[in-house]
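Look at the sequence and the fold together. The paragraphs below go through a few places in turn.

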Amino acid sequence: MPRSTVATLAFVESPVQLLNVLEWAHSPGPLLGGVPAQPGPGAPDLSGLTVVVLSPTDPMSRGQLRRMAELARDAGTTVRWEEARGGLTAPLHTIGGLAPMLRRAERIVLGDPFSRYVHLLLTVARARDVVVVDDGTATMEFASQLAHGERLVRWHRRGSRAGARDLLFAPVAAVARRRLTPAHGRSVEVFSALPVEAPDGVTVTPHTFGWTRAHFGPPRLTKGADLVGTSLVETGIVDPASYLDAVALLARTHGVTRYFAHRRESPDKLRALHARTGLEIVRPDLPLELIASRGPVGRTILSFPSTVIHTLPLALAGTGVRVVVCDIDPRWLTDRASPRARGFLDGVTGTAREVHGLATVAA
């Protein structure tokens, strides 16, 4: 039978999170007695699902979220847009306005278990069921930290000292972590396309991009190769000059003609990249999984270690597109890159090789 979405409240802060909520809603559901649930006839009834968009401030994310919200509404989902970061009083106004819905919801679906905004909302919620959908490779880190009883910290900040804001927010984070831990009368599901280390009591449901393939594929293929950009420079992990050199070398070596920019990449970096390489810079108006499934797309897609080396092979299954991973040279890393960040990137690449059989190249 199709998954029930009665009295379900979802919170998203990025376009990919909203896509993955739709994928979750259209999926057959978790394993039942070790046997995958079978989808029922027709599309699921999504009238009980309300998606709350906690709108970010950067224009690229907002634009993609507007497009994804249109798709969600077309699929039968109620979408509520909140200017959650529109000033100092916006969080209080947003949480106050959502409080009645939070108390009534029987299930909470969220895309970012590290979000302080989500942590605040979880302190108000009374839902018995919590679902975490993919928010990139952070899902792997969340599951691992939950399994080992660690505090929830984003992977690129792991190993750094807690700041004053972290200490001030610690009580709220502790309550949120309890809400994200399965207990008597409370279930936790992780809906993921990535290999996750499932904590005891957590249900892991495979995310296969079935809705995306059914609605957007198959794509028209081009002769050239495409390169997927990364925000590792913006997060302080990779040195900007080294990244530019690597992209230039990959473009020459593999016949790359287009560069799909990550929504967090800075305009200055992209201008420098275009001036150096001559690549066509594409700023997608939807998550890359949808763009690639719709096409046109290169027969080869190269990507640095990121979520897409796990999601694109699923979204493009059976299309003939080849996904290749570009290794991160340790010499590109900045002094701010913690040992945990280096190991995490290696793990993302290693698991993609094992799960999807992807080839790797060096730059």
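Which backbone nitrogen does the side chain of Thr319 reach? This is a predicted model, and in it the side chain of Thr319 comes to 3.4 Å from the backbone nitrogen of Val321. Thr319 sits in a loop, with helix 11 (308-315) on one side and strand 14 (322-326) on the other. Leaving aside residues up to four places away in sequence, Thr319 touches Pro218, Pro219 and Leu221.

Now turn to another threonine, Thr203. From Thr203 to Val321 the separation is 118 residues in sequence, and their C-alpha atoms are 31 Å apart in space. Thr203 belongs to strand 9, which covers residues 202-206. Is Thr203 buried, exposed or partly exposed? Its relative accessible area is 31%, so Thr203 counts as partly exposed, because that class lies between the buried limit of under 20% and the exposed limit of over 50%.

Strand 9 leads to its neighbour, strand 8. These two strands run parallel and are joined by 5 bridges. Within this pairing, Val190 stands opposite Val204 of strand 9. Strand 8 also pairs with strand 7 (residues 129-133): here too the strands run parallel, and 5 bridges join them. One of the partners is Val188 in strand 8, which is bridged to Val130.

How many of the 6 residues of strand 8 are buried? Strand 8 spans residues 187-192, and 5 of its 6 residues are buried, so that the strand is mostly covered. As a general point, side chains in a regular strand alternate between the two faces of the sheet.

Definitions and conventions: Residues numbered from 1 in each chain as written. Predicted model: local features only at pLDDT ≥ 70, side-chain atom pairs only at ≥ 80, totals over all residues. Heavy atoms only, no water. Helix = DSSP H or I, 4+ residues; strand = E, 2+ residues; numbered from the N terminus. Polar contact = N/O pair within 3.5 Å; in protein donor to acceptor, adjacent residues only side chain to side chain. Contact = heavy atoms within 4.5 Å. Buried < 20%, exposed > 50% of the residue type's maximum accessible area, 1.4 Å probe, protein only. Pairing = 2+ DSSP bridges.
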